[in-house]
Amino acid sequence: MAPINITEMNSVQLHQSRMAMLSESIKSIAFKKQQITKEYEKGDEVEVASQELGFIGSYYAATIICSTGDDYYRIKYKTLLTDDESEPLEDVFSAAKFRPVPPNLDETMSENGFRLYDMVDVFDNDGWWFGFISAKVGDEYYVYFPTTGDNIAYPPHVLRFHQEWSYGKWIFLPRQGKIFNLY
């Protein structure tokens, strides 16, 4: 029988522990509602958070069409279409379901790349999905999505660093998935 390498075992346990902590953190963020901290106007670009089972942790680009009163707005999706796929889907939501579009951090990404445990958004299935880097194989990054349990490989051009809209400003989550309280 081969001796057990304690360092390898501790490394695997540490990785599993880190994955579990990040998963819980992401789930708590994905299930929360946005704070209503701003009035939106016609033409404002937003991202709508889905709270539907199987889609929790995803955001879809949309444009504000108009206010319908009491912090509700009619929006038009940019990537989601009507059932007959003839035009962009429109819907009405509370402002607690969406946020402004996060600032572009391409310069940071191209300079530093992604690291194990970084919290990221992946553009897939017409929206941005929230997860974290679980591995890198070749040029692709595996992203684990705690709300769906999927672990999928992606090229870096469909990834962005995850940011949270909190109390009217963007918060860039710390690198390598360090856990902190947003609220």
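**Strands, hairpin and salt bridges**

In the hairpin formed by strand 2 and strand 3, aspartate 70 adopts a positive phi near 50°. Two residues lie between the strands of this hairpin. The model is a predicted one.

The protein contains two helices and 12 strands. Read from the N terminus, the order of elements is α-β-β-β-β-β-α-β-β-β-β-β-β-β. Of its 183 residues, 39% count as buried.

Strand 2 pairs with several partners. Strand 1 (residues 45–49) and strand 2 (residues 58–69) run antiparallel and are joined by five bridges. Here alanine 49 has tyrosine 59 of strand 2 as its bridge partner. Strand 2 also runs antiparallel to strand 3, and six bridges join the two. In this pairing, glycine 69 is matched with tyrosine 72 in strand 3. Strand 7 (residues 127–137) is another antiparallel partner of strand 2, with two bridges between them. Tyrosine 59 stands opposite tryptophan 128 of strand 7. Tyrosine 59 is thus placed against alanine 49 and against tryptophan 128.

Glycine 43 sits in the loop between helix 1 (6–30) and strand 1. Its relative accessibility is 38%, so glycine 43 counts as partly exposed. The C-alpha atoms of glycine 43 and isoleucine 65 are 6.2 Å apart, although 22 residues separate the two in sequence.

Five salt bridges are present in the structure. One of them joins lysine 78 to glutamate 45, with the closest N and O atoms 2.3 Å apart. This pair connects distant parts of the chain: lysine 78 belongs to strand 3 and glutamate 45 to strand 1, 33 residues apart. Lysine 78 has a relative accessible area of 48% and is therefore partly exposed. Glutamate 45 is also partly exposed, because its value of 35% falls between the limits of 20% and 50%.

Glutamate 47 forms a salt bridge with arginine 99, and the closest N and O atoms are 3.0 Å apart. Again the pair links distant parts of the chain: glutamate 47 lies in strand 1 and arginine 99 in strand 5 (residues 98–100), 52 residues apart. Glutamate 47 has a relative accessibility of 2%, so this residue counts as buried. Arginine 99 is buried as well, with a relative accessible area of 0%.

Glutamate 47 has a further salt-bridge partner in arginine 160, where the closest N and O atoms are 3.0 Å apart. Arginine 160 is in strand 10 (residues 159–161) and glutamate 47 is in strand 1, which puts distant parts of the chain in contact across 113 residues. Arginine 160 counts as buried, because its relative accessibility is 15% and the cut-off is under 20%. Through shared partners, salt bridges join Glu47, Arg99, Asp121 and Arg160 into one network.

Charge also gathers on the surface. A negative patch there is made up of Asp83, Asp84, Glu85 and Glu87. Glutamate 87 is placed in the loop between strand 3 (72–81) and strand 4 (88–94). With a relative accessible area of 46%, glutamate 87 is partly exposed. Glutamate 87 thus belongs to a surface patch, whereas glutamate 47 is buried and takes part in a salt-bridge network.

Definitions and conventions. Residues numbered from 1 in each chain as written. Predicted model: local features only at pLDDT ≥ 70, side-chain atom pairs only at ≥ 80, totals over all residues. Heavy atoms only, no water. Patch = residues over 30% accessible without salt bridge, like charges linked within 9 Å, V, L, I, M, F, W, Y side chains within 5 Å. Areas by Shrake-Rupley, 256 points an atom, 1.4 Å probe, with all protein chains shown as cover. Salt bridge = Lys/Arg side-chain N within 4 Å of Asp/Glu carboxyl O. Lys, Arg positive; Asp, Glu negative; His and termini not counted. Charge placed at Lys NZ, Arg CZ, Asp CG, Glu CD. Helix = DSSP H or I, 4+ residues; strand = E, 2+ residues; numbered from the N terminus. Buried < 20%, exposed > 50% of the residue type's maximum accessible area, 1.4 Å probe, protein only. Pairing = 2+ DSSP bridges.
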